[in-house]
Amino acid sequence: MPQPITATNDFVVKFANVNGSGSASANGLFARSILRMGIPIASRNIFPSNIQGLPTWFEVRVSEAGQMGRRGGVDMMVAMNPQTWDRDVAEIEPGGYLFYDSTRPMPKSRFRDDITVIGVPLTEITNAAYSDPRQRQLFKNIVYLGALSALLDMEVEAVQQAIAAQFKGKEKLVPANFAALEKGRAWAQENLACPIGLTLKRADAVGDRIFVEGNAAAALGAVYGGATVCAWYPITPSTSLAEAFEKYCGKLRKDPATGAKRYAIVQAEDELASIGMVIGASWNGARAFTATSGPGISLMQEFVGLAYFAEIPAVIFDVQRAGPSTGMPTRTQQSDLLSAAYASHGDTKHVLLLPEDPTECFEFGATAFDLADRLQTPIFVMLDLDIGMNDWLCEPFKWDPNRRMDRGKVLDAAALDEAKTFGRYLDVDGDGIPYRTWPGTHPEKGAFFTRGTSRDRYARYTEEGAPYVDNMERLLKKFGTAKSIVPRPVMIPARQPARDGVIFYGSSSAAMREALAALEADGIQLDAMRIRAFPFHQDVADFVAAHERVFVVEQNRDAQLRTLLVNEEQIDPARLVPVLHFDGTPITARFIHAAIANRAAAANILPFRKATP
């Protein structure tokens, strides 16, 4: 039998609960209490799409070293759901710990011989203290939080501070929660050997980092980016982005003198209407956006094509989930890349921004509006459920107070008066981007209306082939201009010269960095590149050309980023090795490490210096 795992500030605790049981509050308190001890954590909420009754999990990665991705494996399972018991117990690492409600005896066959079993009679404790059924359920969660605080040697003051913060404005509830916490803690201290091998020790590793979800960060970025219009239709997992935008606008978008709202938020009847409203607002000079997920992107296709062809700015936050169809609405994937990159019928190409965490969600959330105005085209900000709906410990948001909005090539009335001619679709500067006006800028000149049909450089309707080709080639030139102004990829060179590389993006980044360290420890040297935008900067093609083989890590079945690389950069598909994870859970460092190590061994990949005479 393996020895019990011993670790301080470096382990994984997973809670298995039933949706609707009130456990999410207690589990969140557990995570935030550890943060208050100065220990970094990464939490992941894995929940069903129904209201209540189905299994839900909450995983907390404790890592003083600051690893923010999922590691893989569980050191302690808090098993509160009989329906998933066998699956949950099987997930525990050899030498790990099983925490469960021991009010009812369980046969030995339901346990494992290679783990430490910790039983606490939670139902018995709460039934003795509370008579109301709902109170029993809710306080049962706080009781197990108290028991865990003793078992893991957690500072009770940190837990109390987290409880007080959670019930701010509802202070009458605080004493009752403190009492439930103490019941669990006292029982564990009196009846169990505390602490166990997994312990928490106060550290100073959190620093000035913040704990925030990506949807809220993107919404705040939209406010700072100048957005005043949001039209949206509720869909998981993007709803909280629009709700956060409304909250921030209530604080930051009101006239200080009159209190009048200086923003418009419209819940449309569907996704098609929402993107139509965004395009209308943008055509009239507002900075406007919508927030949606994969099914919404499918419904928006025709209007997105109008914005592309008529060259109207728009920002679309796509918080990706598992598809196709309804798929798994509360599971994460990176599966909308192709549908967003080529959204609509005909020859279309759209700019995609690929943030890795809430800090970049804020940054890209603001930058998207500058890019949309400058390029006069829709911009997709590609979050996913893991980034959007989970809290991440990340760097504080930064904003230059001297930064000004880049509205791009917009002519005012004076410029129109001075101009000898105005061609709405005329490429004056050779970058593919024409000049535009806002309706009503000038009583006689400029653009007042637009259309989705073919036209010449002066916006005159025509279906002749030559003007259509001229316009389509100019749009392609504009897309080429975008390559130099979208966020540049980030390079992570290997410590030794490497023959092979790896490309990744988005929420895979945290797990990827940990996997790179593990691969290096195995003697596998890989240069790494994190892609942050499409179209791809020239650095991407140069990176692939500099390596014999490049692994492409992504969270979808069909290797969508790899497809974009092949299509847009004319790369030999044989040189791009897909590493694909698409079960709906966030990718883990162990998965990446195993997938690349196995293929590297098969390909006999060595550090460059060892492979050459």
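**Exercise 1.** Does Asp 417 count as buried, partly exposed or exposed?

*Solution.* The model is predicted.
- Step 1: Asp 417 has a relative accessibility of 49%.
- Step 2: Buried means under 20% and exposed means over 50%, with partly exposed in between.
- Step 3: Asp 417 therefore counts as partly exposed, at 49%.
- Step 4: As to its position, Asp 417 belongs to helix α15, residues 413–418. On the surface, Asp 417 joins Asp 412, Glu 418 and Glu 444 in a patch of negative charge.

**Exercise 2.** Determine which parts of the chain the salt bridge between Glu 311 and Arg 474 links, and describe the setting of Glu 311.

*Solution.*
- Step 1: In this salt bridge, the closest N and O atoms of Glu 311 and Arg 474 are 2.4 Å apart.
- Step 2: The pair links distant parts of the chain, 163 residues apart: Glu 311 sits in the loop between α11 (301–310) and β13 (314–320), and Arg 474 in helix α16 (residues 465–482).
- Step 3: Both partners, Glu 311 and Arg 474, are buried. For Glu 311 the relative accessibility is 1%, which is why this residue counts as buried.
- Step 4: The backbone of Glu 311 has a positive phi of about 60°, although the residue is not a glycine. Most residues other than glycine have a negative phi.

**Exercise 3.** Locate Asp 373 and Arg 436, and state how many residues separate the parts that their salt bridge ties together.

*Solution.*
- Step 1: Asp 373 and Arg 436 form a salt bridge with a closest N to O distance of 3.0 Å.
- Step 2: Asp 373 lies in helix α13 (residues 358–375), whereas Arg 436 lies in the loop between α15 and α16, so the bridge ties together parts 63 residues apart in sequence.
- Step 3: Asp 373 and Arg 436 are buried.
- Step 4: Through shared salt-bridge partners, Asp 373 and Arg 436 belong to one network with Arg 287, Asp 370, Arg 403 and Arg 407.

**Exercise 4.** Classify the burial of Glu 569 and of Lys 483, which meet in a salt bridge.

*Solution.*
- Step 1: The N to O distance between the side chains of Glu 569 and Lys 483 is 3.9 Å; the salt-bridge criterion requires the atoms to be within 4 Å.
- Step 2: Glu 569 is located in helix α19 (residues 560–569) and Lys 483 in the loop between α16 and β17 (490–492), with their positions 86 residues apart in the chain.
- Step 3: Glu 569 has a relative accessible area of 18% and is therefore buried.
- Step 4: Lys 483 has a relative accessible area of 30% and is therefore partly exposed.

**Exercise 5.** Identify the edge strands of the seven-stranded open sheet.

*Solution.*
- Step 1: The strand order is β11-β10-β12-β13-β15-β14-β20, with mixed pairing.
- Step 2: β11 (264–267) and β20 (533–534) stand at the edges; each has a single partner strand, so one side of each lacks a neighbour in the sheet.
- Step 3: Within the sheet, β13 and β15 (residues 378–384) pair in the parallel sense over seven bridges. Asp 318 stands opposite Met 382 in β15.

**Exercise 6.** Describe the peptide bonds from Cys 194 to Pro 195 and between Phe 534 and Pro 535.

*Solution.*
- Step 1: Most peptide bonds are trans.
- Step 2: The bond from Cys 194 to Pro 195 is cis, with omega near 0°. Pro 195 is in the loop between α6 and β8 (198–199).
- Step 3: The bond joining Phe 534 and Pro 535 is cis, with omega about 10°. Pro 535 is in the loop between β20 and α18 (538–545).

Technical notes
Residues are numbered from 1 along each chain as its sequence is written. This is a predicted model: local features need pLDDT of at least 70, side-chain atom pairs count only at pLDDT 80 or more; totals for chains, interfaces and linings use all residues. Side-chain values use heavy atoms; hydrogens and water are left out. Patches are made of residues with over 30% relative accessible area and no salt bridge: like charges are joined within 9 Å, nonpolar side chains (Val, Leu, Ile, Met, Phe, Trp, Tyr) within 5 Å. Accessible areas come from the Shrake-Rupley method with a 1.4 Å probe; for residues, only the protein chains shown count as cover. Lys and Arg count as positive and Asp and Glu as negative; His and the chain ends are not counted. The place of a charge is taken as NZ of Lys, CZ of Arg, CG of Asp or CD of Glu. Helices (H or I, at least four residues) and strands (E, at least two) are DSSP runs, numbered from the N terminus. Buried means under 20% relative accessible area, exposed over 50%, partly exposed in between (1.4 Å probe, protein chains only). Two strands pair if DSSP finds at least two bridges between them.
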